[in-house]
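Trainee: Could we go through this model together? I would like to learn what stands behind each label we put on it.

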Amino acid sequence: MIQTSGLTRHFTVKKQTVKAVRGLDLQVEEGELVALLGPNGAGKSTTLRMLTTLIPPTSGTAAVAGYDVVVQQREVRRVIGYIGQGNGAAHSQRGRDELVSQGRAYGMSVRESRARAAELIASLDLAAVADRPVSSLSGGQKRRLDIAMGLIHAPRLLFLDEPSTGLDPQNRANLQEHILKLRAEHGTTIVLTTHYLDEADAMAERVIVIDHGTVIADDTPARLKAEHAGDLITLGFASASDAARAAARLDALAGAAVTAAGATVEVRVAGGSRLVPGIIRDLDAAGIAVESTAVNRPTLDDVFLNLTGRSLREGAVGNSGTDTVTAEEVAA
Ligand SMILES: Nc1ncnc2c1ncn2[C@@H]1O[C@H](COP(=O)(O)OP(=O)(O)OP(=O)(O)O)[C@@H](O)[C@H]1O
């Protein structure tokens with residue numbers, strides 16, 4: 001459904017070249033639900049904007065449903081729906097009217113647009129608010145209306161740019177449920193961007209981790225976690241000296257990363273829960289009593305941390321995903 005090869009996009013800002021996307025090779029099959037995950041500035045939105053024909057690539061190629069995003073823009077637009085970050089139906093209009101106008105803009109007849117609008121209003125749980133001005137809708141309801149707008153022409157492929165940003169956890173969960181339901185009903189291929197790790201984990205069959213404008217990992221959430229991050233075992237001791245002795249012994253554990261802080265030792269290792277009884281027995285035999293244990297399964301953030309040395313959770317990642325070079329350097 002999507003194929004890109006060496007997809008690249010640079011922006012020039014005050015004579016400086018921002019390399020937003022650098023040689024991206026992507027492949028998305030029909031019917032997949034894929035999440036592009038990465039920190040602010042990693043290049044996710046720019047990628048989506050190229051795939052939706054809003055901006056041309058600087059170099060490289062991209063085909064959507066077999067159509068080239070540069071030379072067959074009209075064909076691409078017919079098969080896709082795109083819900084950008086800043087979307088929002090006009091405020092004074094009623095939601096239902098917005099949907100019908102959108103359908104008309106896609107060349108659908110009035111009858112067809114009305115029928116499709118009614119169907120989407122029902123499946124996105126908007127019946128109670130569809131005939132009110134959009135300005136009176138809650139954030140979650142507006143976002144669902146945005147999604148209905150993107151789906152009015154029954155696209156085969158739906159792009160969602162950070163669908164749940166700005167929503168509270170309850171509305172976020174509700175929106176995720178609706179997206180999954182729509183997908184189950186219509187088999188729509190969905191590509192979404194997010195920096196909510198739990199969202200990518202819960203919804204996507206495949207997570208493509210993007211950093212510095214390139215793909216750094218691409219797999220199912222389960223496999224990414226199994227391959228790139230172990231379980232975290234936290235062991236509590238009576239004293240810092242016990243912890244230091246325990247850490248020294250645990251360093252011998254194959255494939256484990258051990259850190260001691262105060263009377264606590266953390267061990268990052270694959271299959272941690274299976275290893276805990278043996279670890280306790282071994283330390284006990286060495287005269288070191290373990291006072292508490294906890295095992296935490298890895299998250300996608302652990303995967304990101306492992307791959308980049310940075311945490312996705314750090315609010316201040318800013319534009320760290322992008323390097324800036326001068327235009328002269330690029331020319332050279
Ligand atoms: N129109 C533009 N002009 C100049 N620079 C841009 C433009 N659009 C994006 N950029 C830059 O390109 C880089 C990638 O931005 P992009 O919006 O694709 O990242 P993102 O991964 O979607 O981030 P976020 O999660 O914050 O939306 C950033 O450094 C951004 O400042």
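Mentor: Gladly; what follows is a set of questions about the labels, each answered from the predicted model.

Trainee: Let's begin with the whole protein. How many helices and strands does the protein have, and what box do its C-alpha atoms fill?

Mentor: The secondary structure comes to twelve helices and 15 strands. Along the principal axes, the C-alpha atoms fill a box of roughly 80 × 55 × 35 Å. Of the 332 residues, 39% are buried. Among contacts with a separation of 6 or more, 68% are between residues 24 or more positions apart.

Trainee: Why is Asp 146 called buried?

Mentor: Count its neighbours. Asp 146 has 22 C-beta neighbours inside 10 Å, and the label asks for 20 or more, so Asp 146 counts as buried. Its place is in helix α5. As for distance, its C-alpha atom is separated by 23 Å from that of Gly 41, 105 residues apart along the chain.

Trainee: And why does Lys 15 count as exposed?

Mentor: The exposed label takes 12 or fewer neighbours. Lys 15 has 8 C-beta neighbours inside 10 Å, so it counts as exposed. You will find Lys 15 in the loop between β1 and β2.

Trainee: What makes Asp 125 partly exposed?

Mentor: Its count falls between the two cut-offs, 12 and 20. With 15 other C-beta atoms within 10 Å, Asp 125 is therefore partly exposed. Asp 125 belongs to the loop between α4 (110-123) and α5.

Trainee: What is notable about phi in Lys 15 and in Asp 125?

Mentor: Most residues other than glycine have a negative phi. Lys 15 has a positive value, near 65°, and Asp 125 has a positive value near 60°. Ala 65 can be added here: it sits in the turn of the hairpin formed by β4 and β5, with a positive phi of about 50°.

Trainee: How do you know that β4 pairs with β5?

Mentor: Pairing needs at least two bridges. β4 and strand β5 (residues 67-68) have two bridges, in the antiparallel sense, and Val 64 stands opposite Tyr 67 in β5. Two residues lie between these strands in the hairpin. β4 (residues 59-64) also pairs with β1 in the antiparallel sense, over five bridges. There, Thr 8 stands opposite Ser 59.

Trainee: What makes β6 and β10 edge strands?

Mentor: Each of them pairs on one side only. They belong to an open sheet of six strands, in the order β6-β7-β8-β3-β9-β10, with mixed pairing. The twist averages 15° from one strand to the next. β6 is joined to strand β7 (residues 157-161) by four bridges, and the two run parallel; Tyr 82 stands opposite Phe 159 in β7.

Trainee: Which helices lie against these strands, and at what angles?

Mentor: α5 packs on the sheet and touches β6 and β7, its direction making about 155° with that of β6. Helix α8 (residues 221-228) lies across β9 (206-211) and β10, running at about 105° to β10.

Trainee: Which residues have the most contacts inside the largest nonpolar core?

Mentor: That core has 63 residues, and those with the most contacts inside it are Ala 35, Ala 148, Phe 159, Ala 200 and Val 207. Helix α5 (residues 139-151) gives its largest share, five residues. Another core, of 14 residues, lies apart from it, with Ala 246, Ala 260, Leu 275 and Ile 279 among its members. As a general background, nonpolar side chains tend to be buried together in soluble globular proteins.

Trainee: What is Phe 159 in contact with, beyond its neighbours within four places in sequence?

Mentor: Its partners are Leu 48, Leu 51, Thr 52, Ile 80, Gly 81, Tyr 82, Ile 83 and Val 191.

Trainee: Finally, which residues come nearest the ligand?

Mentor: Of the 15 residues around it, Phe 11, Ala 20, Asn 40, Ser 45 and Thr 46 come nearest. Elements giving two or more residues to this shell are β1 (2-13), β2 (16-28) and α1 (44-51). α1 gives the most, with three residues. By class, the shell has five nonpolar, nine polar and one charged residues.

Definitions and conventions. Residues numbered from 1 in each chain as written. Predicted model: local features only at pLDDT ≥ 70, side-chain atom pairs only at ≥ 80, totals over all residues. Near = placed C-beta within 6 Å. Nonpolar A, V, L, I, M, F, W, Y, C, P; charged D, E, K, R; others polar. Core = buried A, V, L, I, M, F, W, Y, C linked by C-beta atoms within 7 Å. Contact = placed C-beta atoms within 7 Å. Axes fitted to C-alpha atoms, helices over the stretch in contact; angles between N-to-C directions.
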